[in-house]
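Student: Before we go through this model, could you explain how each descriptive label is earned, setting the value against the cut-off each time?
Tutor: Gladly; here is the entry we will work from.

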Amino acid sequence: LSNKMGNSLLAVRGINHKYIVVGEKCIKKNCGCNTEMSSTIYWCEECNIPIYEKVCSLCGHEGKYIATDLRPVFPEEQILLAFIFGKEPFYYKTKSVWYGSNAYIINGKKVKLSVGKLNKWSLEKIKVVKEQYEENIKKISYEYFNKAVERFVKANNDRYNFITEEAIRYVQGYRERYAIEDMVVSFSGGKDMYISFLDEQFNGNIDAFKAAFRWSNAYLWLLSTLEENGGCLYFGALTEKLHNALVTDPKPYRKDVKILLSNLLSIVETVNMEEIKIDRPNFSQRIMLCK
């Protein structure tokens, strides 16, 4: 079954069992467990990567079901995996290696790892593997890994953008429920941000707040960036501009920058800044300078 929530069809399954459910509780009689959303992930044999749609957007080939959750296996872990399975240190170097649904996925094939067997290893064997690992980790190359991740990102770009836009619309849907003094531009994640968005706090005077916001670093950056790019940018392109403008080490994740930009644009709309017009001709926001 599928349940229409917002603009998307989300398949949901009950935790720890296979009954299909709709809503927040399992529809199985006498169960009532909380439910969780799960994604269906396929494997494209042609591109040798996981895809979220059944048909690969890069090559057009149909994928086969592979997992419901996924993460990449980095080269450091690949070396350790090779030792565990008795392979050469760089056996997996040119392979597409992922982990999902309690199994390693290597070039589209699932490989189970028995934790029970690992727990029975002697201390001497563990020491030998550790020494071999430390010796070979210095020779690691990310070349093939980066290419595989690049293909993965490119193939699933539409899905990522849709989910991001959907999340932003959801957050913006709460804007009308709160007063301007409750709205803040924030950034989380433990990273320092060397960009001041508001130079003074809201004191109850909307006009004074708007005047201060007009001369804030964030708004001035937004105006100058639009002017330098023909007076119009879509949300994705403006996100990239903001990501490049942030002076942080390390750079924040792109998804965090999107939230940051979304908050900034929310303030622009809420206080009705006359210099900027924001609309949504398609799925993505369009930010324009007013003539």
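Tutor: This is a predicted model, and a suitable place to begin is Asn48, which sits in the loop between strand 6 and strand 7.

Student: Why is Asn48 called buried?

Tutor: The relative accessibility of Asn48 is 16%, and buried means under 20% relative accessible area, so Asn48 counts as buried.

Student: What makes the phi of Asn48 worth a remark?

Tutor: Most residues other than glycine have a negative phi. Asn48 is a residue other than glycine, and yet its phi is positive, with a value near 60°. Ser101, in the loop between strand 10 and strand 11, is likewise a residue other than glycine with a positive phi, in this case near 50°. A positive phi of about 75° is also taken by Gly86, just after helix 1.

Student: Why is Val55 called partly exposed?

Tutor: Val55 belongs to the loop between strand 7 (49-51) and strand 8 (64-67). Its relative accessibility is 47%, and because the label of partly exposed covers what lies between the limits of 20% and 50%, Val55 counts as partly exposed.

Student: Which residues does Val55 touch, once its neighbours within four places in sequence are left aside?

Tutor: Val55 is then in contact with Gly60, His61 and Glu62. As for Trp43, twelve residues away along the chain, its C-alpha atom is separated from that of Val55 by 9.5 Å.

Student: What makes Thr40 partly exposed?

Tutor: Thr40, in the loop between strand 5 (35-37) and strand 6 (41-44), has a relative accessible area of 31%; buried would require a value under 20% and exposed a value over 50%, so Thr40 is partly exposed. Apart from neighbours within four places in sequence, Thr40 contacts Ile51, Tyr52, Tyr65 and Ala67, and its C-alpha atom lies 8.1 Å from that of Glu53, 13 residues apart along the chain.

Student: Let us turn to the helices. Why is helix 1 called oblique to helix 3?

Tutor: The axes of helix 1 (residues 75-84) and helix 3 (residues 123-136) come within 10 Å of each other and cross at roughly 140°. Roughly antiparallel would need an angle over 145 degrees, and roughly perpendicular would need 65 to 115, so helix 1 is oblique to helix 3. The crossing of these two helices is right-handed.

Student: Which residues make that contact between helix 1 and helix 3?

Tutor: Glu76, Ile79, Leu80 and Phe83 contribute from helix 1, and Val129, Gln132, Tyr133 and Asn136 from helix 3. By class, the residues of this contact are five nonpolar, two polar and one charged.

Student: Which residues of helix 1 are buried?

Tutor: They are Pro75, Gln78, Ile79, Leu81, Ala82 and Phe83. These buried residues pack against strand 10 (97-100), strand 11 (103-106), helix 3 and helix 4 (143-155).

Student: How do you know that helix 8 is roughly perpendicular to helix 9?

Tutor: The axes of helix 8 (residues 235-245) and helix 9 come within 9 Å and cross at roughly 110°. Because angles of 65 to 115 degrees count as roughly perpendicular, that label applies to helix 8 with respect to helix 9.

Student: Which residues meet there, between helix 8 and helix 9?

Tutor: On the helix 8 side they are Phe235, Leu238, Thr239, Glu240, Leu242 and His243, and on the helix 9 side Arg254, Val257, Lys258, Leu260, Leu261, Ser262 and Leu265. This contact has seven nonpolar, three polar and three charged residues.

Student: How does helix 5 pass helix 9?

Tutor: Helix 5 passes helix 9 in a right-handed crossing, where the axes of helix 5 (residues 157-172) and helix 9 (residues 254-270) come within 11 Å and cross at roughly 35°. The contact joins Tyr160, Asn161, Thr164, Ile168 and Gln172 of helix 5 to Arg254, Lys255, Lys258, Ser262 and Ser266 of helix 9, and its residues divide into two nonpolar, five polar and three charged.

Student: And for the protein chain as a whole, how many helices and strands are there?

Tutor: The chain has nine helices and 15 strands, and of its 291 residues 32% count as buried. Its accessible surface comes to about 18200 Å², with 51% belonging to carbon and sulfur atoms.

Technical notes
Residues are numbered from 1 along each chain as its sequence is written. This is a predicted model: local features need pLDDT of at least 70, side-chain atom pairs count only at pLDDT 80 or more; totals for chains, interfaces and linings use all residues. Side-chain values use heavy atoms; hydrogens and water are left out. Axes are lines fitted to C-alpha atoms, for helices over the stretch in contact, and angles run from 0 to 180 degrees between N-to-C directions. Helices (H or I, at least four residues) and strands (E, at least two) are DSSP runs, numbered from the N terminus. Angles under 35 degrees count as roughly parallel, over 145 as roughly antiparallel, 65 to 115 as roughly perpendicular and the rest as oblique. A crossing is left-handed if the near helix is turned anticlockwise from the far one by less than a right angle, and right-handed if clockwise. Contact means heavy atoms within 4.5 Å. Ala, Val, Leu, Ile, Met, Phe, Trp, Tyr, Cys and Pro count as nonpolar, Asp, Glu, Lys and Arg as charged, and the others, Gly among them, as polar. Buried means under 20% relative accessible area, exposed over 50%, partly exposed in between (1.4 Å probe, protein chains only). Accessible areas come from the Shrake-Rupley method with a 1.4 Å probe; for residues, only the protein chains shown count as cover.
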